[in-house]
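Trainee: Could you walk me through the packing and the empty spaces here, and tell me why each thing gets the label it gets?

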Amino acid sequence: MSINYKDAAGIEAMRVACRLASEVLDYLTPLIKPGITTNDVDRLAAEYMVKQGTTSATVGYMGASSVPYPKSLCTSVNHVVCHGIPNDKPLKKGDIMNVDVTVIKDGWFGDNSRMYVIGDASIAAKRLCSITFEAMWHGILQVRPGAHLGDVGHAIQKFAEGQGFSVVREFCGHGVGQRFHEEPQVLHYGRPGTMEELKPGMIFTIEPMINAGKRDVKEDFKGGQYDGWTIVTRDHSLSAQWEHTVLVTETGYEVLTLSAGSPPLPSFVTSTKT
């Protein structure tokens, strides 16, 4: 499958879809606190999507799984790396959680995720969330015409591993547009100057999954049965993830999944587009 470069109309449609995806997370931010269940988070998001005129990309999505995904978003708590399915277990003080939202607006997909610290968490948990956010941005800063996807992955890996953390290898970012998952695959590790050359009009996600312990992951067999989706750290260590959708511009990058409530930029980042 070849890369689908976006024209001006496609880029503008993606700006809208991605902003709306980010606004779902804005809406959820003050509501996520100790005692709420991840099913509550899913229901609130689904209701908000109806109000904003979007639909969830995840409900019924199959991907490589044999089981349709049953919910409107993913909630990955503590040692869950990705694709956690919302349930009725209340969140407790000290939990960390990734909420991953993809909406569809007029046939275009906006994809993003953020970490949430529930109440107050340990210094180690908060540091993991912060370093993962910064790792994502180190990758974003590599995006410009003529650079390569290996530059993005290398920047993320070098920073995260330099902080004593590990980078999950089995899951990656991806192209996105009028399909949920398009080419290219965006690895969060690698060597500079390798893989696809970046060209204007490319739109893809950068979404590193960073573990506090070893990088190894496994399917989560709760009660001896796999739900088809949930991935956890093999050593039960905490995991964090942040995600933005990024456009390659003529001069650099533009982060598309931004809205009024987006988290402040790291100190080493001066702009959301170059």
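Mentor: Sure, we'll take the helix pairs, then the pockets and cavities, then two backbone details, bearing in mind that this is a predicted model.

Trainee: Helices, then. Why are H1 and H2 called oblique to each other?

Mentor: Helix H1 (residues 8-28) and helix H2 (residues 38-52) pack at an angle of about 135 degrees. Roughly antiparallel needs an angle over 145, and roughly perpendicular covers 65 to 115. The H1/H2 angle falls in neither range, so the pair counts as oblique. Their axes are 10 Å apart, and H1 passes H2 in a right-handed crossing.

Trainee: How do you know that H1 and H2 meet, and which residues do it?

Mentor: The cut-off for contact is heavy atoms within 4.5 Å. On the H1 side, Leu 20, Glu 23, Val 24, Tyr 27 and Leu 28 take part. They meet Val 41, Leu 44, Ala 45, Tyr 48, Met 49 and Gln 52 in H2. By class, that contact has nine nonpolar, one polar and one charged residues. Glu counts as charged, and Glu 23 is in the H1 part of the contact.

Trainee: What makes H3 and H4 a case for another label?

Mentor: The axes of H3 and helix H4 (residues 149-162) cross at roughly 150 degrees. The cut-off for roughly antiparallel is over 145, and that makes H3 roughly antiparallel to H4. The two axes come within 7 Å, and the crossing is right-handed.

Trainee: Which residues make that contact?

Mentor: Ile 131, Glu 134, Ala 135, His 138 and Gly 139 come from H3, and they meet Val 152, Ala 155, Ile 156 and Phe 159 in H4. The split by class is six nonpolar, two polar and one charged residues. Gly counts among the polar residues in this scheme, and Gly 139 is part of the contact.

Trainee: On to the empty spaces. What makes something a cavity rather than a pocket?

Mentor: A 1.4 Å probe fits in a cavity but cannot get out, whereas a pocket is open. The structure holds three cavities of 30 Å³ or more. The largest cavity has a volume of about 60 Å³.

Trainee: What lines the largest cavity?

Mentor: Among its lining residues are Ser 22, Arg 114, Phe 133, Met 136, Trp 242, Glu 243 and His 244. Strand S5 (108-117) and helix H3 (123-140) each supply at least two residues. The largest share, three residues, comes from S5. By class, the lining has four nonpolar, six polar and two charged residues.

Trainee: And the largest pocket: how much space, and what surrounds it?

Mentor: The largest pocket has a volume of about 780 Å³. Its lining runs to 33 residues, of which Tyr 61, His 83, Phe 171, His 181 and Trp 229 lie nearest its centre. Strand S4 (96-105), strand S7 (173-175), strand S8 (182-186) and strand S12 (225-233) are the elements that give two or more residues. S12 gives the most, with four. The classes come out as 14 nonpolar, eleven polar and eight charged residues.

Trainee: What about the second largest pocket?

Mentor: That one holds about 430 Å³ of space. It's lined by 20 residues, with Val 77, Val 80, Asn 87, Lys 89 and Lys 222 nearest its centre. Strand S2 (74-77), strand S11 (217-222) and S12 each give two or more residues to the lining. The lining divides into five nonpolar, nine polar and six charged residues.

Trainee: Now the backbone. Which value goes with the cis label on the bond joining Glu 183 and Pro 184?

Mentor: Omega is about 5 degrees for that cis peptide bond. Pro 184 sits in strand S8, one of the elements that line the largest pocket.

Trainee: What gets Asn 78 singled out?

Mentor: Its phi is near 60 degrees, a positive value in a residue other than glycine. Asn 78 lies in the loop between S2 and strand S3 (80-82).

How values were computed
Residues are numbered from 1 along each chain as its sequence is written. This is a predicted model: local features need pLDDT of at least 70, side-chain atom pairs count only at pLDDT 80 or more; totals for chains, interfaces and linings use all residues. Side-chain values use heavy atoms; hydrogens and water are left out. On a 1 Å grid over the protein atoms alone, a cavity is a set of points where a 1.4 Å probe fits but cannot get out, and a pocket is an open set with protein on both sides within 12 Å along at least five of seven lines; lining residues have an atom within 4 Å of a point. Grid points are joined across faces, edges and corners, and a volume is the space filled by probe spheres set on the points. Axes are lines fitted to C-alpha atoms, for helices over the stretch in contact, and angles run from 0 to 180 degrees between N-to-C directions. Angles under 35 degrees count as roughly parallel, over 145 as roughly antiparallel, 65 to 115 as roughly perpendicular and the rest as oblique. A crossing is left-handed if the near helix is turned anticlockwise from the far one by less than a right angle, and right-handed if clockwise.
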